[in-house]
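Me: Got a minute to walk me through this one? I'd like to start with the fold and then get to the ligand.

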Amino acid sequence: MKLLVIGSAGRLGAALMREYQGKFDVTGFNHPQLDLSNLDKIREKLGGTDFDVVINAAAFTNVDRCETERDLAFLVNAEAPGILAKICGDKGAKLIHFSTDYVFDGEKRAPYTEEDEANPISIYGESKLAGEKNVLAAQNRPASRPEGSRLIQPAGSLSSFNSSSSTLDVPSVEGAACRGQVRRHLVVRVSWVFGPDRPSFIDGMIKRAQENEKIDAIADKFSTPTYTHDIARMLPQFFDGDGEGGILHFANAGKCSWQEYAHWALDCCRESGVPTKAKTVGPLKLNDMKDWVARRPVYSVLSTAKYAQLTGTPPRTWREAVADYIRRFYSKK
Ligand SMILES: NC(=O)c1ccc[n+]([C@@H]2O[C@H](COP(=O)([O-])OP(=O)(O)OC[C@H]3O[C@@H](n4cnc5c(N)ncnc54)[C@H](OP(=O)(O)O)[C@@H]3O)[C@@H](O)[C@H]2O)c1
């Protein structure tokens, strides 16, 4: 099976590459190799690449910068995934696209299911929700090309790309995943992603705890940390082009505030013999974060009931995942 990982140098993308190398025929495009803000480049680059599954782990993820760079946010997080989905459909490949708990407004006080209505409160969330819709809309397009041919798109505007009259039939690339039908694309929403390939909240807190006697973190915002390693391990169950499509939530099990998350990280450091000056984490309020430009949902726990029902295996708890991460990547530092 041929995989293409887009955003292969990001926190999640790099973990996917590490997990799949040696197990699958995997190619990665990092940001310089494929800039998703260049829609013509996407068509050109993917048109010349052979794959069965594309995993899009690239995104404009700076939540505050999205507020001031709205056009770029929508280009990268919304338009580009739609184009990826169409190209995959035309090639008979499946797209697995990552999205976020920030598509929700945070007003609920029970885990958000895939059926809950998304109502983003930031440009980042809006752009990611638009990306989800573009991906899922593209999969519903009927494929009408003959077996043994693939569709390519001449470079042009998004509107010309949408026009079926702008498609050309060409002989298929040898070995291409061209089966004459559109695969069901999958949108995987994840939350509070952490892992060894790029520092995130947990690494920032450990660093601060190593440098300071006192640290604090927000105590009134709730979601669930998700370990990139766990995402990478579970995802192959969904590589089958005829398998599950639509929206799927995945996170480690349970819920916590940032204060609890950081506190557990320090407990795990102590357990693993990783020295820190600070031993506990004081509470901060979301309202104290005056420097933040974008609004963030207060509560964005994702329900993984659908995932557990589909796979028969619920994700491990966030506490286990964090403990594992610190044991593996901090105790040797
Ligand atoms: N991080 C979280 O807590 C979190 C939470 C919920 C959902 N998610 C979702 O999970 C997915 C993976 O996120 P992550 O944590 O791995 O984020 P990340 O570390 O920021 O990775 C995103 C990658 O996308 C690349 N990228 C940015 N703009 C691009 C562009 N125009 N063209 C091509 N590549 C571009 C980045 O490259 P550069 O760094 O070079 O710009 C980076 O390698 C994303 O869909 C994100 O929305 C993340």
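Below is a short chat about the sheet and the ligand shell.

Reply: Sure. Heads-up, this is a predicted model, where local features need pLDDT of at least 70, side-chain atom pairs count only at pLDDT 80 or more, and totals for chains, interfaces and linings use all residues. Residues are numbered from 1 along each chain as its sequence is written.

Me: OK, what's the strand order in the open sheet?

Reply: E2-E1-E3-E4-E7-E12, six strands with parallel pairing. Strands are DSSP runs (E, at least two residues; helices are H or I, at least four), numbered from the N terminus, and two strands pair if DSSP finds at least two bridges between them.

Me: Which strands are at the edges?

Reply: E2 (25-29) and E12 (246-249), each pairing on one side only. The twist averages 20 degrees from one strand to the next, using lines fitted to C-alpha atoms, for helices over the stretch in contact, with angles from 0 to 180 degrees between N-to-C directions.

Me: And how many bridges join E3 to E4?

Reply: Four; E3 is residues 53-56 and E4 is 94-100. Val54, for one, has Leu95 in E4 as its bridge partner.

Me: Switching to the ligand: which residues come nearest?

Reply: Gly10, Arg11, Leu12, Leu36 and Thr100, out of 26 around the ligand. To be near, a residue needs its C-beta atom, placed from the backbone, within 6 Å.

Me: Which helix gives the most to that shell?

Reply: H1, with three residues. H1 spans 11-20, and E4 also supplies at least two.
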